[in-house]
Amino acid sequence: MTTVALKPATMAQALGRALRDAMAADPTVHVMGEDVGTLGGVFRVTDGLAKEFGDDRCTDTPLAEAGILGAAVGMAMYGLRPVVEMQFDAFAYPAFEQLLSHVAKMRNRTRGAMPLPITIRVPYGGGIGGVEHHSDSSEAYYMATPGLHVVMPATVSDAYGLLREAIASDDPVVFLEPKRLYWSKDSWNPDEPSAVEPIGRAVVRRQGRSATLITYGPSVPVCLEAAEAARAEGWDLEVVDLRSLVPFDDETVAASVRRTGRAVVVHESTGFGGPGGEIAARVTERCFHHLEAPVLRVAGFDIPYPPPMLERHHLPGVDRILDAVGRLQWEAQS
Amino acid sequence: MTVMEQRGAYRPTPPPAWQPRTDPAPLLPDALPHRVLGTDAAAKVDPALLRRLHAELVRGRRYNVQATALTKQGRLAVYPSSTGQEACEVAAALVLEERDWLFPSYRDTLAAVARGLDPVQALTLLRGDWHTGYDPREHRIAPLCTPLATQLPHAVGLAHAARLKGDDVVALALVGDGGTSEGDFHEALNFAAVWQAPVVFLVQNNGFAISVPLAKQTAAPSLAHKAVGYGMPGRLVDGNDAVAVHQVLSEAVAHARAGGGPTLVEAVTYRIDAHTNADDATRYRGDAEVETWRAHDPVALVERELTERGLLDEAALQAVRDDAEAMAADLRERMNQDPVLDPMDLFAHVYAHPTPQLLEQESQLRAELDAEADGTPGAGPHGPEGAGR
């Protein structure tokens, strides 16, 4: 009897394997960005790709994000499938004009004649002690831009599966990689990666009956931890991992909230103007008669991302999540 | 004996990592814009090329006049005219092979038309029934680009991709003098030079970025000089001399096709009309200046050369004008027909597969349109509760 050994793998390894497998399967896939070649990326996600596929397939570019993304647009126009790396979330901002005016709109501008199959990988979010401009949660900018898909894995399996799907997509995908989950480990067989739900489907990571935590990316493990801690309070929390903000899975989210009657949205991004407001509105519109309490948000404060020695006060943690759950008008139940 | 010599061992050396890179001298543009017409070299120009350029220039001028007239009749939302710049527009189209790519800005509909695009398709953006009126891959013309200089990195990426694939395709990207101040101009030229991409950048220096003159745009000796900083050759040409522009661009395209890398060409020209029909140029420049440029008209320059060499008789000139007139009449007639619009197209091309949210919004608009057609005002979409399953 043979058994397939499931070895622990990190999210960074799974992402690198996804890039490698995509490049091996499709010669039009090109990886490009700052330090992605010889160095293998500052997070080592592209480690070994230049060696295996050559500098023309995994390219160290000049240090200019608008140029990187703009060149990727031209390459996609000629039939290539570029995967660009923006080294850190806040370093993607110089590329915003290319992203908003061209990447997001080219299919629309040309009535579908020229779709742009570009994947934009962005190491994002805080919690790794980065100095300023290295820890932004930029997803609200992207989800406010029609034409982009916005995807963020929270597990090792999803990191592989969602990135492969993003690269295969004929539409541009902003692929947000939670930096503090790069080194998270899970049992995973790289030679036989398990199938995952497609982009656009949320997944219930933990079933519960008391309330739903709606979350994504780096906040998923925090919510799972909070759900465990909540048992001591007698709450049985459901955790929904959105996996993509665009498309948004109203169906799975609404079904969960209708079951539980209570919901808290949890993310690192600022609360004001952040994704939580949109999600809370969507839940309220769909589940109003099932709700026992207003939909609450636990988000980063409405401040510029703090210096590393203070970031733990900013990031939504277990206590802040449990406080919010406690404010879901439980007294009305009895 | 100097102090240095007394110290004995000291030898000035460059920093360890430093090594000479590119010799800047061959990259420098000439001191004066390259000209052919009106010089001795004009006599040697192939009559066939002169006739071709002339016919295209006359058509191009007529196109500019007709498109401007269409704005006055309310048939175009706006028209940024290239009157006075026809030599650049026409030459840019003629130097390219069919497999090559053109990357126009919003002022370059004429270049697209001279490359063979149907004028109605070229003007779709400016009529306002859609953004891009043609399939870019079919014509190898990128969408007309409104955000300044942002099409330049696209040209670089496309040329780079073609080279990686082993195709001898060249990309020609058009930009104005104002566009050279944008960051994307810098990034595109830098990428092009580092990658040795087969791309040619043509800057049409027409004197103004809407109202701002070149002196407020740059302190560079010339825009062509900017090439040297990137390690590519810069060429300066009289942008109203169609033969000279054709020559310089042909050389740059051949250089790129042969693997020589990119070239930056500055064509010195003048925007005879205002920025668009909505602009008032009298607020920022005088008639006298415009008149000096009218005397250096690109159509007249070629026409004079042809006439002086006895290459254009009255009948031939009339044939060229008749052809241009026929093009204008056809354009006028077709632009006077109302375009057929389908509001459902708003949702058709946002993603390959519309998101559930877009499907909901599509039904909402459909319901609104149906209600409009039924004449039942107030029949709106249903409430969201329970909708969109």
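Student: Which domains is chain A divided into?

Tutor: Chain A is divided into domain 1, residues 7-188, and domain 2, residues 203-328. Keep in mind that this is a predicted model. Taken over C-alpha atoms, the centres of the two domains of chain A are separated by 26 Å.

Student: How many residues does each domain of chain A put into the contact between them?

Tutor: Domain 1 of chain A gives 26 residues and domain 2 of chain A gives 21. On the domain 1 side, the elements that supply two or more residues are α6 (139-143), β6 (149-151), α7 (156-168) and β7 (173-178) of chain A. That side of domain 1 divides into 13 nonpolar, eight polar and five charged residues.

Student: And how should I read the contact between chains A and B?

Tutor: A general idea helps here: the size of an interface is often given as the accessible area lost when the parts come together. For this model we can count residues instead: chain A brings 39 and chain B brings 38. On the side of chain A that touches chain B, two or more residues come from each of α3 (65-77), α4 (96-103), α5 (106-109), α9 (250-260) and α10 of chain A. The most come from α3(A), with nine residues. By type, this side of chain A holds 18 nonpolar, ten polar and eleven charged residues.

Student: You mentioned α10(A). What unit does it make with β13(A) and β14(A)?

Tutor: Helix α10 of chain A, residues 275-287, joins β13(A) and β14(A) in a right-handed β-α-β unit. Strand β13, residues 263-270 of chain A, pairs with β14(A) in the parallel sense over four bridges. Within that pairing, V264(A) stands opposite L296(A) of β14(A).

Student: Is strand β14 of chain A mostly covered or mostly open?

Tutor: First, the general idea: in a regular strand the side chains alternate between the two faces of the sheet. In this case β14(A), residues 296-300, is mostly covered, with four of its five residues buried.

Student: Let's zoom out. How many helices and strands does chain A have?

Tutor: Chain A has twelve helices and 14 strands. Its radius of gyration is 20 Å, close to the 20 Å that the globule rule gives for 334 residues, so chain A is as compact as a globular protein of that length. Along the principal axes, the C-alpha atoms of chain A fill a box of roughly 65 × 55 × 40 Å.

Student: What percentage of the residues in chain A is buried?

Tutor: Of the 334 residues in chain A, 58% are buried. Sequence separation adds to the picture: among contacts in chain A between residues at least 6 apart in sequence, 79% join residues at least 24 apart.

Terms used. Residues numbered from 1 in each chain as written. Chains lettered and ligands numbered in written order. Predicted model: local features only at pLDDT ≥ 70, side-chain atom pairs only at ≥ 80, totals over all residues. Buried ≥ 20, exposed ≤ 12 C-beta atoms within 10 Å, placed from the backbone. Pairing = 2+ DSSP bridges. Right-handed = clockwise from strand over helix to strand, strands pointing away. Contact = placed C-beta atoms within 7 Å. Nonpolar A, V, L, I, M, F, W, Y, C, P; charged D, E, K, R; others polar. Domains from an automatic or database assignment. Rg over C-alpha atoms; globule rule 2.2 N^0.38 Å.
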